[in-house]
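Biologist: Could you take me closely through the aromatic pairs of this model and what surrounds them? I would like one connected account rather than a list.

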Amino acid sequence: MNTISPKCSCSFYDINSKERAIYDVQTMLSAISRYDSSVPLIVPDGIYSAETANAVRQFCITRGLEVRDTVDNTVFYAIAGEYRAILNNHSGNPIRVDVFPEVLKKGTLQMGDAQTDITIIQSMFADMADICEEYSAVEINGVYDEKTENALSRVRAVYKVGSEELIDIETWNAVAREYNDRKLRIIE
C-alpha cells in the first residue's frame, strides 16, 4: 500500500518530493476544513505531524472511508476530488492564497531582515489588532523591527515556541494558527 507518512513512500511523488506531497495534502485538507468544520484546520508545512494525521483521520471518518492516519491512493483521490469540487465552486468568488516562506524551510528570519514574508506577518498582526484587544497595531513596513518582535513575543508565550528575535517554522505556524483562529471566531 502506498501512503504518505513519515515512514512510507507515495506513488504520486518520488522519494525526493515527499515533503511536497505532504504539503499538497495539507493544503487540500486546509481548504476542505474551511467548508467542513469536522475536518480540523491545519497549517500546511510539509511535515506529517499529529495534527495532519488527525485531519486525515477525521476526513476518513466523515466520508465513510476506512479510518487511517496515513494517505493511500483511496484517501488521496477522495481528498483531491473534494478539493477540486471546492475550487470549481469558487467561480466568481476569491480563491484563498496559501503563503509559506520558502526561507523558513532552510533557516530563519532575524531582527532587521526586510522581506515580503515579514510584510505578511505584519499584515496578520494588523488584522488581529483590528479584532482583538490583545494585539496592538504593527506598522506594515516589511522590516522585522521591535514592534513586530513585541507582537511575536505574545504568540511565542501562548504557544511556547521559538526564540526571541527569530522567526522559525514553529513561530510562523503559531502566528498562522493564532490568525486563523481569530478570523474564524469572527465568522462564527
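Modeller: Phe76 counts as buried, since its relative accessibility of 11% falls under the 20% limit, whereas its neighbour in the pair, Tyr77, is exposed with a relative accessible area of 51%. In this predicted model, a search of the whole structure finds 2 aromatic pairs, and Phe76 with Tyr77 is one of them, an edge-to-face arrangement at 5.9 Å centre to centre with 80° between the planes. The other pair, Phe125 with Tyr135, is tilted, with the centres 5.7 Å apart and the planes at 45°. Because Phe125 lies in helix H5 (residues 116–131) and Tyr135 in the loop between H5 and helix H6 (146–159), this pair ties together parts that are 10 residues apart in sequence. Both Phe125 and Tyr135 are buried, and the ring of Tyr135 also has the charged end of Arg154 sitting over it, 4.8 Å from the ring centre.

Phe125 leads on to the largest nonpolar core, which has 20 residues and in which Ile121, Phe125, Leu152 and Ile167 have the most contacts. H5, H6 and helix H7 (169–187) each supply at least two residues of this core, and the largest share, 5 residues, comes from H5. Leaving aside residues up to four places away in sequence, Ile121 touches Leu152, Ile167 and Trp172. A second core, separate from this one, has 19 residues, among them Val25, Val39, Phe59 and Ile79. As background, nonpolar side chains tend to be buried together in soluble globular proteins.

Conventions: Residues numbered from 1 in each chain as written. Predicted model: local features only at pLDDT ≥ 70, side-chain atom pairs only at ≥ 80, totals over all residues. Heavy atoms only, no water. Phe/Tyr/Trp six-rings, centres within 6.5 Å; stacked < 30°, edge-to-face > 60°. Buried < 20%, exposed > 50% of the residue type's maximum accessible area, 1.4 Å probe, protein only. Helix = DSSP H or I, 4+ residues; strand = E, 2+ residues; numbered from the N terminus. Lys NZ or Arg CZ within 6 Å of the ring centre and 35° of its normal. Core = buried A, V, L, I, M, F, W, Y, C linked by side-chain atoms within 4.5 Å. Contact = heavy atoms within 4.5 Å.
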